[in-house]
Amino acid sequence: MFHINNIEYSELLIFSILINAIMYVFLYKQKSYQSHSTVLFQWLILSTILVGFLEAFAWTIAVPDHASLRPLHYLSNVLFFSFNTLPAAFGLRYLDYMISFSEEKNKKKFFLYLAPVYLGIAFVICNLFFDGFLFRIDSANIYHRGIAAYIENGLTFLFVAVIVLTFFRNKQMITGRITQSILILTMLPITGVALQMLFYGLSLSIPAYTLAIFISFLLMERNELLKDPLTLLNSRIQMENRLQYKLKSQEPFTAIMIDVNDFKKINDIYGHSVGDTVLKDVSRILLSSANFEDFVCRFGGDEFFVILESADEIGHSYIKRIDQILSEYSYNRPYRTSLSYGIVYIDHSASYHVDDLVRLTDQLMYQDKMSRRHSVSELNN
């Protein structure tokens, strides 16, 4: 065991708290754009700020030979050890949602992810009866770490490892960015905590969490903020980047331009609030009808763009599925919602640029719209 006594540790903690606070305020200012994942990410930030504050406060009042500060010093460590694994719980909850996208299941699993917190609170209670089991503050106001501190962190490491392994049972739901976030949000904090346990007096767990959160923000949440604020679908900028990547990768896929028929009429007759509801409902239907790895974006106005990740021509079966859902959706509503489509299957037998592909799908979508209008006109006659 080593002791480091020549560094102002609280300064690093305060710096970490400020970085987290800046990220939280930035995300809070974007609240009109927030998805559920962003809300969970904010809770991860807040939990890290709380634990960082408790640790910094404990260091601040850990003044040797000041017995008057001993009760406050003891209380600050009680709170710290009770909640120091809270960021791990919120980190697991965030990662779980990014994989499952199920708010209900995520909420239920959170009680499981709080297991390290329950353990910490249990150890704190034991320490009240067996002073020094977890920590001890002697008569000179000097802190001493107990064996339970190592046990708690060891069991937390094991718990996190088991949960992460269960995440990878759903490999098909884990993309490259999510894999990176899983590794960053687990390995960096574990490394920081391990170093803190090895070098007595070194505070690296909260700075490690802060670094992990910041990198995850760049990987995941910055992308979330680019999403369309009304529908929470991907934006046109993201779509163009995705298309550029797909065209370079030489992997087959299906591109579909989609437009809501007679949307202006719905807006004019029933109002813009109803029009917004239609756009959100269509977005939900397009997203739910696609696979997890597929890409759905709001192209602009009442137009959408979908990229289906498949080596087969599945565009028409996707459209059929959507039309069937929309038929049920329009039942008992005063307006009918239908879509027009422009489909292109890309097997790379022909070369396209992003603009060329968008223009082609738009033209095919317009032809489909005219064909549908002609069909409706013939039925009315």
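**A guided tour from strand β5 outward**

Select Phe253 and Ile346 to begin: Ile346, in β8, is the bridge partner of Phe253. The model on display is predicted, so local features are given only at pLDDT of at least 70 and side-chain atom pairs only at pLDDT 80 or more, while totals for chains, interfaces and linings use all residues. Numbering runs from 1 along each chain as its sequence is written, and side-chain values use heavy atoms, with hydrogens and water left out.

**Strand β5 and its partners**

Extend the selection to strand β5, residues 253-260. Strands here are DSSP runs (E, at least two residues), and helices are runs of H or I with at least four residues, numbered from the N terminus. Two strands pair if DSSP finds at least two bridges between them. Next, add strand β8, residues 339-346, which pairs with β5 in the antiparallel sense over eight bridges. Within this pairing, Ala255 stands opposite Val344 of β8.

Then select strand β7, residues 303-308, which pairs with β5 in the antiparallel sense over six bridges. Here Asp259 has Glu303 of β7 as its bridge partner.

How many of the eight residues of β5 are buried? Eight of the eight are, so the strand is largely enclosed by the rest of the structure. Buried means under 20% relative accessible area, exposed means over 50%, and partly exposed lies in between (1.4 Å probe, protein chains only). Colour the two faces of β5 separately: Phe253, Ala255, Met257 and Asp259 are buried on one side, and Thr254, Ile256, Ile258 and Val260 are buried on the other. In β8, six of the eight residues are buried, so this strand too is largely enclosed by the rest of the structure.

**Two loop residues**

Move to Gln250, in the loop between α10 (236-249) and β5. Gln250 has a positive phi of about 65° although it is not a glycine. Most residues other than glycine have a negative phi. With a relative accessible area of 52%, Gln250 is exposed.

Now select Asn141, in the loop between β2 (135-137) and β3 (143-145). Asn141 also has a positive phi of about 65° and is not a glycine. Is Asn141 buried or exposed? At 1% relative accessibility, Asn141 counts as buried.

**The nonpolar cores**

A nonpolar core is a set of buried Ala, Val, Leu, Ile, Met, Phe, Trp, Tyr and Cys residues joined through side-chain atoms within 4.5 Å. Select Phe41, Tyr94 and Phe167, which touch the most other members among the 34 residues of the largest core. The elements giving two or more residues to this core are α1 (9-29), α2 (36-60), α4 (86-100), α5 (103-113), α7, α8 (176-198) and α9 (205-225). Of these, α4 gives the most, with nine residues. Apart from this core lies another, of 24 residues, including Ile258, Ile266, Ile285 and Val296.

**Helix α7 at the surface**

Finally, select Ile151 in helix α7, residues 147-167. At 35% relative accessibility, Ile151 counts as partly exposed. Show Ile147, Tyr150, Leu155, Leu158 and Val162 as well: with Ile151 they form a nonpolar patch on the surface, with about 520 Å² of accessible area together. Such areas come from the Shrake-Rupley method with a 1.4 Å probe, and for residues only the protein chains shown count as cover. Patches are made of residues with over 30% relative accessible area and no salt bridge (a side-chain nitrogen of Lys or Arg within 4 Å of a carboxyl oxygen of Asp or Glu). Nonpolar side chains (Val, Leu, Ile, Met, Phe, Trp, Tyr) are joined into a patch within 5 Å, and like charges within 9 Å.
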